[in-house]
Amino acid sequence: MNEYNLCNERIESFLKRQDILLQISMVIIGGALAFTIINKIADELYIVIPLIPIVLFIHILYYYTIVIANQGYREHLQKRLNEYMNTDNEIKYTSLAKEFLLNKNPMSKINIFLFPSIILFSIIYSLFMSDLNIIVVFGNVLNLIVVIIIIILFAKFTKNLNEKVKKYCG
Amino acid sequence: MKKSKNIAGNIGLAIMGISYFGVICLAMSSANTKTRFLKIEQIGLNQTDTVTVHFIHGSIPKANCTYQKKRLGGYLGGHIEIEVDDFVFGFLYDTLPINYLPKNDFNSKFEKRTKKNWSELVKYDKITSIRIPVTKPKKMRLDSLLNQHLINEPYDYAFFGQRCTSSTAEILSDVGIINEFSNQESIVAFYYPKLLRRTMTKYANENGFEIIKKIGIECHYWE
């Protein structure tokens with residue numbers, strides 16, 4: 001039971017962390033956009049703008065994989081705990097979370113597109129504001145490649161991660 | 001198999017990291033040069049003379065165009081020249097193809113034309129000209145330096161080296177018309193004409209210098 005609670009705490013702490021990160025990132029990105037609109041800066045400095053959401057994106061995805069792995073572990077613990085419970089007192093939060101808070105939740109699906117969209121927007125913004133400066137163009141090609149690689153690696157790693165963890169725990 | 005896949009992945013990651021680092025270094029160095037450029041204080045006193053920097057825009061001729069003159073770099077290319085006392089000076093290559101890296105056997109030259117002759121040569125080109133106020137000694141120093149370069153070209157014209165843009169910036173910097181920077185800094189920050197044109201236009205707008213724009217022939221796609 002303690003282990004189950006610990007697992008819950010880990011997931012909840014990530015969700016809180018994600019909230020804070022999202023708020024901070026919105027402030028940083030918004031601030032950077034406002035600053036560059038008001039102040040004239042050298043064109044090459046626009047390369048920094050897409051880097052902010054990309055770093056946050058990598059950070060959030062890393063914690064997201066932790067949550068998915070923890071979710072699998074929690075499901076395994078729930079199954080073990082429920083073996084000792086009668087049917088009326090069964091713990092169902094993990095199945096509920098999986099069913100309604102993750103896979104089938106439309107907001108969760110929108111979230112998947114939110115960060116890549118912010119990154120895409122910031123890339124377009126930096127290209128537009130730098131008037132297609134060659135260093136910014138080259139930097140953004142690298143950015144795009146990195147984002148595509150991250151998404152592919154993330155999708156590959158998290159595909160059935162939940163089940164893999166359950167299988168690993170036996 | 002798995003081990004070699006891991007090694008390939010790590011090499012890819014390292015290449016990516018080095019590329020990122022390189023791009024960020026180039027961006028920072030270039031931004032630093034340009035920011036210093038934009039912050040030079042123009043002291044109005046004694047600036048009784050002017051020199052003009054002519055930016056010929058890059059272009060691609062349309063298929064049916066009779067004026068088929070092409071400049072190195074195409075759409076992103078063009079040329080930059082400095083006008084001093086009715087003479088127009090420009091730095092360019094001697095023969096094509098140009099060297100990728102600067103060599104000791106220079107494939108470069110400085111050209112000097114009278115304004116009348118030059119105007120005839122570029123009558124179909126799109127040109128942005130910026131008149132920079134300078135002091136008499138600075139103008140004399142610029143004239144002397146350009147004439148000196150006509151006899152002895154100081155560097156090679158190379159793809160990853162000095163070209164018309166960086167050379168113009170470097171010459172203006174050497175005589176103190178714009179801020180000081182090294183040859184390498186001028187090559188990185190002003191790699192092709194648009195980069196210097198944008199920075200100099202901002203600088204001119206901030207300091208109220210005269211900017212003259214001439215439109216080019218219609219049958220070219222102008223930058």
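User: How many residues does each chain bring to the contact between chain B and chain A, and what makes two residues count as being in contact?

Analyst: Chain B contributes 13 residues and chain A contributes 13 residues; two residues are in contact if their C-beta atoms, placed from the backbone, lie within 7 Å. This is a predicted model, in which local features need pLDDT of at least 70, side-chain atom pairs count only at pLDDT 80 or more, and totals for chains, interfaces and linings use all residues. Residues are numbered from 1 along each chain as its sequence is written, while chains are lettered from A and ligands numbered from 1 in the order in which they are written.

User: Which helix gives the most to the side of chain B that touches chain A?

Analyst: With 10 residues, α1(B) gives the most to that side. Both α1 (2-38) and α6 (193-207) of chain B supply at least two residues each (helices are DSSP runs of H or I with at least four residues, strands runs of E with at least two, numbered from the N terminus). By class, the side of chain B has 7 nonpolar, 3 polar and 3 charged residues (Ala, Val, Leu, Ile, Met, Phe, Trp, Tyr, Cys and Pro are nonpolar, Asp, Glu, Lys and Arg charged, the others, including Gly, polar).

User: Why are α2(A) and α4(A) called roughly antiparallel?

Analyst: Helix α2 (residues 48-82) and helix α4 (residues 106-129) of chain A pack at about 165°, their axes 8 Å apart (axes are fitted to C-alpha atoms over the stretch in contact, and angles run from 0 to 180 degrees between N-to-C directions). Angles under 35 degrees count as roughly parallel, over 145 as roughly antiparallel, 65 to 115 as roughly perpendicular and the rest as oblique. The pair α2(A) and α4(A) is therefore roughly antiparallel. Their contact has 11 nonpolar, 2 polar and no charged residues.

User: What makes α2(A) oblique to α6(A)?

Analyst: Helix α6 (residues 161-169) of chain A packs against α2(A) at about 45°, with the axes 8 Å apart, so α2(A) is oblique to α6(A). Among the residues that meet are T65(A) and I68(A) in α2(A) and L161(A) and V165(A) in α6(A).

User: How do you know that strand β1 of chain B pairs with strand β6 of chain B?

Analyst: Two strands pair if DSSP finds at least two bridges between them, and 8 bridges join β1 (residues 49-57) to β6 (residues 127-134), which run antiparallel. In this pairing T50(B) stands opposite P133(B). Another 6 bridges join β1(B) to β3 (residues 78-84) of chain B, also antiparallel, with V53(B) opposite I82(B).
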